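Dear colleague,

I am handing over the structure below, together with some notes on what was found in it. Please read the notes with the structure open beside you.

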Amino acid sequence: MPLIRLAYASEATFEAKPLEKGIEPHVARILLVSRRNNAKVSIVGGLYYGDNRFFQYLEGEEDAVRKTYERIQQDPRHRNVRTLIEEPIADRTFTNWSMKYVPASADVQAFLARHKLSEFNPVAFDSEQCEEMIELIRRSSQDQKSVNYDEVNRKTSPTPQTLSPGLKIGLVAAAACLVVALIVVATML
Ligand SMILES: Cc1cc2nc3c(=O)[nH]c(=O)nc-3n(C[C@H](O)[C@H](O)[C@H](O)COP(=O)(O)O)c2cc1C
């Protein structure tokens, strides 16, 4: 099955909310679903969200990428979806990332400054800028620091960090019984 790569630009339709754990909450939900779905069909890539706009890069088997892109295009959370790149590739260039997230970082600011761009407007990127953006996503190591997939997951299935009061009482009672038993045994010797 042939491999393709695809990049597009779009505008978010939602109003950006304050970041939660380093990520806009709408974007966090998009990432959760993307990572789950993309992993199933071996799609890899990255997503950048800035100035209320998206730049997304996808690569994988042609069928899977096209079907995913069709779904993405129908999504009401963004509009004016414009394809920037869509072409065959010989090999995969992203490894182990069902959907890498790049937070607004110094790298992106430097990229915008280098191209004298006052805001992140990927629909106006030329092909060189697209390639730079893809490379930036590929190289980004910030995602693990500021957007941890598990952290987003933890919100829906919290892992207890402390012992529950019932368990604490049980443990104290068990310890007390043990001490009493030791004292009784000691007096019998
Ligand atoms: C900017 C943006 C990027 C998205 N990227 C992906 C993606 O890479 N993979 C994916 O499956 N869904 C992605 N989605 C979500 C899809 O539009 C759609 O909601 C989702 O695939 C539905 O999945 P479900 O049928 O499992 O609920 C994206 C949505 C937006 C707005």
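The helices and strands named here are DSSP runs numbered from the N terminus, with at least four residues (H or I) for a helix and at least two (E) for a strand. The model is a predicted one, and the confidence of the prediction therefore comes before the details: Where pLDDT is low, the predicted coordinates should not be read in detail. The protein chain has an average pLDDT of 86, and 86% of the residues score at least 70. The stretch to treat with caution is residues 142-161, over which pLDDT stays under 50 and for which the model has 18 contacts beyond four places in sequence.

As to the overall architecture, the protein chain contains 7 helices and 5 strands, and their order along the sequence is β-α-β-β-α-β-β-α-α-α-α-α. Of the 189 residues in the protein chain, 26% are buried. Among contacts between residues at least 6 apart in sequence, 80% join residues at least 24 apart.

The largest nonpolar core comprises 31 residues, and A7 and Y48 are those with the most contacts inside it. At least two residues of this core come from each of β1 (3-12), α1, β2 (44-50), β3, α2, β5 (100-102) and α4 (127-139), while β1 supplies the largest share, 5 residues. Leaving aside residues up to four places away in sequence, A7 touches F55, Q56, Y57, L84, I85, C130 and I134.

One of these partners, C130, has its place in helix α4, and its own contacts beyond four places in sequence are A7, L84, I85 and F125. C130 counts as partly exposed because it has 18 C-beta neighbours inside 10 Å, whereas 20 or more would be needed for a residue to be buried. Although C130 and A9 are 121 residues apart along the chain, their C-alpha atoms are separated by 9.9 Å.

The ligand is surrounded by 14 residues, of which S34, N37, F54, D75 and R77 are the closest. Which elements each supply at least two residues of this shell? They are α1 (25-40), β3 (53-61) and α2 (62-74), and the largest share, 5 residues, comes from α1. Sorted by class, the shell around the ligand has 5 nonpolar, 6 polar and 3 charged residues.

W97 lies in the loop between β4 (78-89) and β5, and it touches V44, G45 and G46 when residues up to four places away in sequence are not counted. Its C-alpha atom is 8.9 Å from that of N38, although the two residues are 59 apart in sequence. Is W97 buried or partly exposed? W97 is partly exposed, because 18 other C-beta atoms lie within 10 Å.

Two backbone angles deserve a look. Most residues other than glycine have a negative phi. K21, which is not a glycine, nevertheless has a positive phi of about 55°, and its place is in the loop between β1 and α1. D51, another residue other than glycine, has a positive phi near 50°, and D51 is found in the loop between β2 and β3. Both residues are partly exposed: K21 because it has 13 other C-beta atoms within 10 Å, and D51 because it has 14 C-beta neighbours inside 10 Å.

Finally, there is an annotation from a record to set beside the model. An unreviewed UniProt entry carries the annotation "transmembrane region" for residues 169-188. In the model, the chain over residues 169-188 is 100% helix and 0% strand, with the end C-alpha atoms 29 Å apart.

For your own reading, you might start with the surroundings of the ligand, including S34 and R77, then turn to the core around A7 and Y48, and leave residues 142-161, where pLDDT stays under 50, until last.

With best wishes

Conventions: Residues numbered from 1 in each chain as written. Predicted model: local features only at pLDDT ≥ 70, side-chain atom pairs only at ≥ 80, totals over all residues. Near = placed C-beta within 6 Å. Nonpolar A, V, L, I, M, F, W, Y, C, P; charged D, E, K, R; others polar. UniProt positions renumbered as here; feature names shortened; annotations may be inferred. Core = buried A, V, L, I, M, F, W, Y, C linked by C-beta atoms within 7 Å. Buried ≥ 20, exposed ≤ 12 C-beta atoms within 10 Å, placed from the backbone. Contact = placed C-beta atoms within 7 Å. pLDDT = per-residue confidence, 0-100.
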